[in-house]
Amino acid sequence: MFSKPIAIALLGFGIFLSILILIFPPTPAFDYDFEQFFPQDDPDLAFYQQFERDFESDNDYLLIALQNDGRALTEILFLEKTNAAKSEISNIPGIDTLLSILDLEIPVIGLFGISYSKVLDWSDAERLSQTKSNLDQFKGSLISADGQSLLFLIKNHPGLSKEQGDTLYQKIQEVFVENEINPKAIAGKIQTQGDFVSLMQSEFTLFLSASLVLILVTLVLIFRSWWGVIVPVLVLSLGILWAFSAILYSGKQLDIMSVMQPTIFLIVGLSALIHYFTHLLKKLRSGYSKEAAILSTFAELTFAVGLTIFTTAVGFLSLYFTSIPALKAFGLWTGVGIVVIFFAVILLTPGLLYLFTLSKNREKAQVSIPMLQGLFSWILLKRKVVFITFFGITSLCIFLGFQLKVNGYLLDNLPLDHPIQEDFAYFDQQFGGSNPLEIFLGAGDSAASLLDFKVLKEIEKLEIKLSETFGERQFISPLSLVKTLNQAQNQGSPAAFTFPSQGQYLRMQRYFDQILKLEGPQVISPDQGFGRISSRVADLGSLEMGKRRTDILDFVQKEINPDLLKVRWTGTAYLIERGHESVTRQMLQGLLVAFAVVGLVAGFLFRSWRLAFILLIPNIIPLVWMLGLMFLLGIEFKLTTSILFTVAFGIAVDDSIHFMTKLKTELDTGKNLLYAIKRTFLEAGRAIFLTTLILVAGFALLSFSQFGVTHFTGILISFTLVFAFLADLFLLPLLLFPLKKVWDKKAATRVKA
């Protein structure tokens, strides 16, 4: 396959394929949908999807806070401008509803039935003076807690695509510009996804460029020859083209996880090329002709390099067995991309090398043989110190790992000083929160309706508990409808927005059908059998929110009569929290798959379950050390950090595989185990050092990302690769020494046979 005619033919095929891609290029599309982080095997997801069909999506909203630039919020000119903007926005295609204090009406029950009175009437100065006191009732909901802002709560059509959302948000912004209004803060899906994608696009370009620069610098430092730079750059550039073309041709959109892929593809491909090139130079210096050296190098190393590529791909592909769609897609397409990069290496590199004149410059960035010999001797003399050190650090990291908490936030992946973070914080402080809070209510077996008096008393107990837990805030619920009717029976007095007495309740029952037909968020089903409590809370993090939710559900179990009222937590924010809470299970699923595959590969390769087990030890230890590092750096468990254990294992195990395949080669030549280990340590140690250096430098680039997931990937994977390097050089040889008797016995058996 690697002879000159075949290699040239394969190179021609690769160039032809690349030309086809350039003629018919795929269209890159970026998207960010945090619903892709919902665990698909969670029964709460199916429940929420039914809840969404019965009521509405709690995620398709836009919060806009408007201020009057330091002047009074109730200034007539400002109210007229904002009302004009409200009317224009309401008529934009894609807008379902727009709720604000400007058109909110309070029902009033009089002699002739229900009439409606505007909460805020600025038709003249006198009416404004009479009604602006009504605003106090809505502070923290439609009016900011400090009274300086009013809220537009916009509900857009559910399921808008990224492009449709961008168009809608742009039209809303144009309305504010035309009316000379500068919003104080904006938060919501169509705004957040647009900013996320813009940041993704810039970071994708940045890290692709930075990775290419890193490759150029690395190649110049290592090989110091023009062919040692040009060939890898050509191969990796075309490999990247093929990998992303495969992803985009499939219809997969690039998302937040895709920011890491250019760096991953490039450094994995570069690592493979360095293995080939260092071996090729060794052949050339040994007197091989160029053609013989190329043929021999690729024939001897392709299996070993392919095996390391396979284990790396498995590390990512194991994420496909999690239940989070975003992680499944990232694992699948990163694994596929790594395999595509490998095919680019073996299809293009031999042919290109045959076309160049190859110099025999000695690589500069190497660990010298005497240095490795000294290290090997020291390890043999200090084996107890090595074992005790690894055992002590590992034990400490296990202890620290148990101290880690699972905690995630909705905007985890954005820097703390990003404008979106500041806007969400403003809504948390002034409007009760930016995260939707949704609780399902169902009439119990002893209740005919959620509007039964006894059921409403149970709902009141629950809302009081919610207010005690999250602070005073407005809820929309079946109870809020009844409180509104009670207020209506008392001439619209804000003080009457309370739970009615038995007599007041009986008098208002005839108006139930009318109040249920009011425009606004639906809070109860047509048959009055089920409904919702809906509000907004601050993003407290999954850890703190989990504690408060547990406290509330314990209260429900003890204090709420299930024969009257059934309660169940739901909503998109809750599902994201559930995803974070499932982090341990997701991590273990991915790791077990990776362990099993690598163990089977090692067992098949060496025909020994002992060696397969030993191979796993120096690759599990770095993962344990990563736990300790996370504790020391204050990095918490969440979905986006838990996957790094699987990814780190898949990449780190490459060096162990390389070490073991080199050992097998030495043993197959008839060397005894101890001498074979020494030769492997000296030969493979240099290559392991180089590849670790490159991988660490490549992943360290990611630590400069503004995205949390990418930033933590860079830090944790870089350190874990260093830990794996130490384990492979210091621990793995010592673990292999006790197998001498076993190996000698197998060798004797083969000789007799």
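Which residues of H5 are buried? In this predicted model, local features require a pLDDT of at least 70 and side-chain atom pairs count only at pLDDT 80 or more, while totals for chains, interfaces and linings use all residues. Residues are numbered from 1 along each chain as its sequence is written, and side-chain values use heavy atoms, with hydrogens and water left out.

The buried residues of H5 (buried meaning under 20% relative accessible area, exposed over 50% and partly exposed in between, with a 1.4 Å probe and protein chains only) are Lys 162, Gly 165, Leu 168, Tyr 169, Ile 172, Val 175 and Phe 176. Seen down the axis of H5, these buried residues fall within an arc of 145°, and they therefore line one face of the helix; the arc is that of the directions from the helix axis to the C-beta atoms. An α-helix has 3.6 residues a turn, so residues three or four places apart point the same way. On the other side of H5, Val 177 and Glu 178 are exposed. The buried residues pack (contact meaning heavy atoms within 4.5 Å) against strands E1 (61-67), E2 (95-99), E5 (149-156) and E6 (185-188), and against helices H3 (76-90) and H6 (189-223). Helices (H or I, at least four residues) and strands (E, at least two) are DSSP runs, numbered from the N terminus. H5 is followed by Glu 180, which has a positive phi near 55°.

Turning to aromatic contacts, a search of the whole structure finds 28 aromatic pairs, where rings of Phe, Tyr and Trp (its six-membered ring) pair if their centres lie within 6.5 Å, with planes under 30 degrees apart counted as stacked, over 60 as edge-to-face and the rest as tilted. One of these, between Tyr 276 and Phe 298, is stacked, at 4.3 Å centre to centre and with 20° between the planes. The pair links Tyr 276 in helix H8 (residues 261-285) to Phe 298 in helix H9 (residues 290-317), 22 residues apart, and both Tyr 276 and Phe 298 are buried. The rings of Phe 376 and Phe 737 have centres 6.4 Å apart and planes at 70°, so this pair is edge-to-face. Because Phe 376 lies in helix H11 (residues 369-381) and Phe 737 in the loop between helix H24 (708-736) and helix H25 (740-752), the pair ties together parts that are 361 residues apart in sequence. Phe 376 and Phe 737 are both buried. Elsewhere, Phe 47, Tyr 48, Phe 51, Phe 55, Phe 440 and Phe 530 form one aromatic cluster.
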